[in-house]
Amino acid sequence: MKNFKNNSMKNVIYALLIVTLSLSACGQKKSGSDRASTAQTEVKAPDMALSAAVVAGNLDAVKQHIAAGTDIDEKDALSGSTPLITAITFDKRDIAQALVDADADLTIKNNDGATALHVAAFFGRVEAVQMLMDAGADKSARNNFGATPRETVMGSFEDMKPIYKMMQQQLAPIGLQLDLAEVEKARPTIAIMLQ
């Protein structure tokens, strides 16, 4: 009988030990999931769309999108431009750098087949060209017209001037500012950079 009591007592102690360990393990899991929920709350994407944040030059919102895991390579439905291509088009250097630092895909092409490097070269963005080359952008990629980034700046500026003016007219309402004299001056420099 004494043996039965000892065995019963041992079983009760084991049972209590198992229940205690189980409850503490559950409690630890709950604490871990609470931390994960808190972390997810901390990196919530902002209400402003990534593309709008880029055009508006809102670096903080762009960084918040990056931290929240927003797809930074998502293409615009109309133009096929990625946030990186848009940042370069609108000369948002700090945003372009943040996107490159966040591993934006440098090979994605817009609807014209232009990569970010094509766009940087075309718009005379010397600093952006250098930044993209430093990040490993492909200088030999061809757009839908068969041109490399270098070839987009090799032609006569006077022949291209109407295209720049048309783009300025169409995109000025959303913030595109082009200094045609600066673009003309940058084209030969960029051609040399892209050799």
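1. Let's start with two neighbouring phenylalanines. In this predicted model, Phe122 and Phe123 are both buried. For Phe122 the relative accessibility is 14%, so this residue falls under the 20% cut-off for a buried residue.

2. How do the two rings sit against each other? The centres of the Phe122 and Phe123 rings are 5.1 Å apart and their planes stand at 85 degrees, so this pair counts as edge-to-face. The whole structure holds 3 aromatic pairs according to the search.

3. Phe122 has a second partner worth a look. With Tyr164 it forms a stacked aromatic pair, at 4.5 Å from centre to centre and with 25 degrees between the planes. This pair connects distant parts of the chain: Phe122 belongs to helix α6 (residues 116-122) and Tyr164 to helix α8 (residues 157-171), and the two are 42 residues apart. Tyr164 has 0% relative accessibility, so Tyr164 is buried as well.

4. You can now put these rings together in the viewer. Phe122, Phe123, Phe157 and Tyr164 are joined by ring pairs into a cluster.

5. Next, please turn to helix α7, which spans residues 126-134. Which residues of α7 are buried? They are Ala128, Val129, Met131 and Leu132. Around the helix axis they take up an arc of only 165 degrees, so they lie on the same side of α7.

6. What covers that buried set? The elements over the buried residues of α7 include α4 (83-89), α5 (93-101), α6 and α9 (180-193). Helix α6 is also the home of Phe122 from the stacked pair above.

7. A small backbone detail follows the helix. Gly136, just after α7, adopts a positive phi of about 95 degrees.

8. My last stop is a pair of helices. Two packed helices are described by the angle between their axes and the distance between the axes. For α3 (residues 59-68) and α5, the axes come within 10 Å and cross at roughly 10 degrees. That angle is under 35 degrees, so α3 runs roughly parallel to α5.

9. Which residues make this contact? On the α3 side they are Leu59, Val62 and Ile66, and these meet Asp94, Ile95, Ala98 and Leu99 of α5. Sorted by class, the contact between α3 and α5 has 6 nonpolar residues, no polar ones and 1 charged residue. The charged residue is Asp94, in α5. Helix α5 is worth keeping on screen, as one of the elements that cover the buried residues of α7.

Terms used. Residues are numbered from 1 along each chain as its sequence is written. This is a predicted model: local features need pLDDT of at least 70, side-chain atom pairs count only at pLDDT 80 or more; totals for chains, interfaces and linings use all residues. Side-chain values use heavy atoms; hydrogens and water are left out. Rings of Phe, Tyr and Trp (its six-membered ring) pair if their centres lie within 6.5 Å; planes under 30 degrees apart count as stacked, over 60 as edge-to-face and the rest as tilted. Buried means under 20% relative accessible area, exposed over 50%, partly exposed in between (1.4 Å probe, protein chains only). Helices (H or I, at least four residues) and strands (E, at least two) are DSSP runs, numbered from the N terminus. The arc is that of the directions from the helix axis to the C-beta atoms. Contact means heavy atoms within 4.5 Å. Axes are lines fitted to C-alpha atoms, for helices over the stretch in contact, and angles run from 0 to 180 degrees between N-to-C directions. Angles under 35 degrees count as roughly parallel, over 145 as roughly antiparallel, 65 to 115 as roughly perpendicular and the rest as oblique.
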